[in-house]
Amino acid sequence: MAEQTRYEELIRQFSAFGAVKREIGRMMPSECPSGSAAVLTLLGRYGDMRMSRLSELLAVDMSVTSRHVAHVAARGWIERSPDPADKRSRILRLTPAGQALLDQLSRRTCQLLAERLSDWSDDEVTQLTALMARLRASFDDIRPHGPEPRPPVPPVLEQTTRTPATTQ
């Protein structure tokens with residue numbers, strides 16, 4: 001197991017990664033916030049699905065998923081049709097307009113990453129991708145099951161160059 005300081009540095013890097021996510025978010029069209037983009041991306045990757053499956057993949061509550069789905073459906077990016085196996089459920093599917101937007105978002109994101117990582121080698125990008133996938137997989141089966149509280153999150157530690165005050 002890595003020593004404490006390594007995990008503290010990892011925590012700092014996670015916090016700093018928010019800047020990367022914000023920059024990617026800023027290049028998205030204003031009518032397509034990140035939750036909407038996530039819905040489109042998952043439907044594009046996995047195909048038609050029920051809202052319950054989408055909620056699982058998003059790892060959010062069904063009410064949050066419902067809001068995202070309503071947003072993208074109102075813009076004509078997805079359609080909801082009755083599930084032949086269960087008429088109470090709906091099947092979500094990308095529309096041609098949704099696929100076109102997803103393609104545009106993918107091009108924009110790839111272009112941004114290509115620009116920002118232009119001084120990275122292909123091997124470094126591949127290594128980062130593999131490590132991020134491994135990190136994500138490490139958390140996949142750790143979601144809380146039931147009412148058990150999550151353990152407390154350690155505070156984000158800021159690096160400082162100040163010398164602590166001494167008391168006399």
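Let me start with a term: partly exposed means a relative accessible area between the cut-offs of under 20% for buried and over 50% for exposed. This is a predicted model, and I will go through its salt bridges and then one nonpolar patch on its surface.

Glu9 has a relative accessible area of 29%, so Glu9 is partly exposed. Glu9 forms a salt bridge with Arg12, and the closest N and O atoms of that pair are 3.0 Å apart. Both residues sit in helix α1, which covers residues 4-26. They are three residues apart, about one turn of the helix.

Helix α3, residues 51-58, has a pair with that spacing: Arg53 and Glu56 are three residues apart, again about one turn of the helix. Their side chains meet in a salt bridge at 3.4 Å, N to O. Glu56 comes out at 48% relative accessible area, so Glu56 is classed as partly exposed. Arg53, at 38%, is partly exposed as well.

Those two pairs are each within a helix. Which parts of the chain does the pair of Arg116 and Glu23 link? First the contact itself: Arg116 forms a salt bridge with Glu23, with the closest N and O atoms 2.2 Å apart. The pair links distant parts of the chain, with Arg116 in helix α5, residues 96-116, and Glu23 in helix α1. The two are 93 residues apart. Arg116 has 47% relative accessibility and therefore counts as partly exposed. Glu23 has 25%, so Glu23 is also partly exposed.

Arg116 and Glu23 are not on their own, either. Together with Glu115 they are linked in a network of salt bridges. For the whole model, the count comes to eight salt bridges; I have picked out some of them.

Now the nonpolar patch. How much surface does the patch cover, and which residues make it? The area is about 460 Å², and the residues are Phe17, Val20, Trp120, Val125, Leu128 and Met132. Helices α1 and α6 each supply at least two residues of the patch, α6 being residues 122-140. The largest share, three residues, comes from α6.

Take Met132 as one of the patch residues. Met132 is located in helix α6. Its relative accessibility is 41%, so Met132 counts as partly exposed. A patch residue needs over 30% relative accessible area and no salt bridge, and Met132 at 41% is above that area cut-off.

To close, helix α1 appears in both topics: Glu23 in α1 pairs with Arg116 in α5, and α1 also supplies at least two residues of the nonpolar patch.

Terms used
Residues are numbered from 1 along each chain as its sequence is written. This is a predicted model: local features need pLDDT of at least 70, side-chain atom pairs count only at pLDDT 80 or more; totals for chains, interfaces and linings use all residues. Side-chain values use heavy atoms; hydrogens and water are left out. A salt bridge is a side-chain nitrogen of Lys or Arg within 4 Å of a carboxyl oxygen of Asp or Glu. Helices (H or I, at least four residues) and strands (E, at least two) are DSSP runs, numbered from the N terminus. Buried means under 20% relative accessible area, exposed over 50%, partly exposed in between (1.4 Å probe, protein chains only). Patches are made of residues with over 30% relative accessible area and no salt bridge: like charges are joined within 9 Å, nonpolar side chains (Val, Leu, Ile, Met, Phe, Trp, Tyr) within 5 Å. Accessible areas come from the Shrake-Rupley method with a 1.4 Å probe; for residues, only the protein chains shown count as cover.
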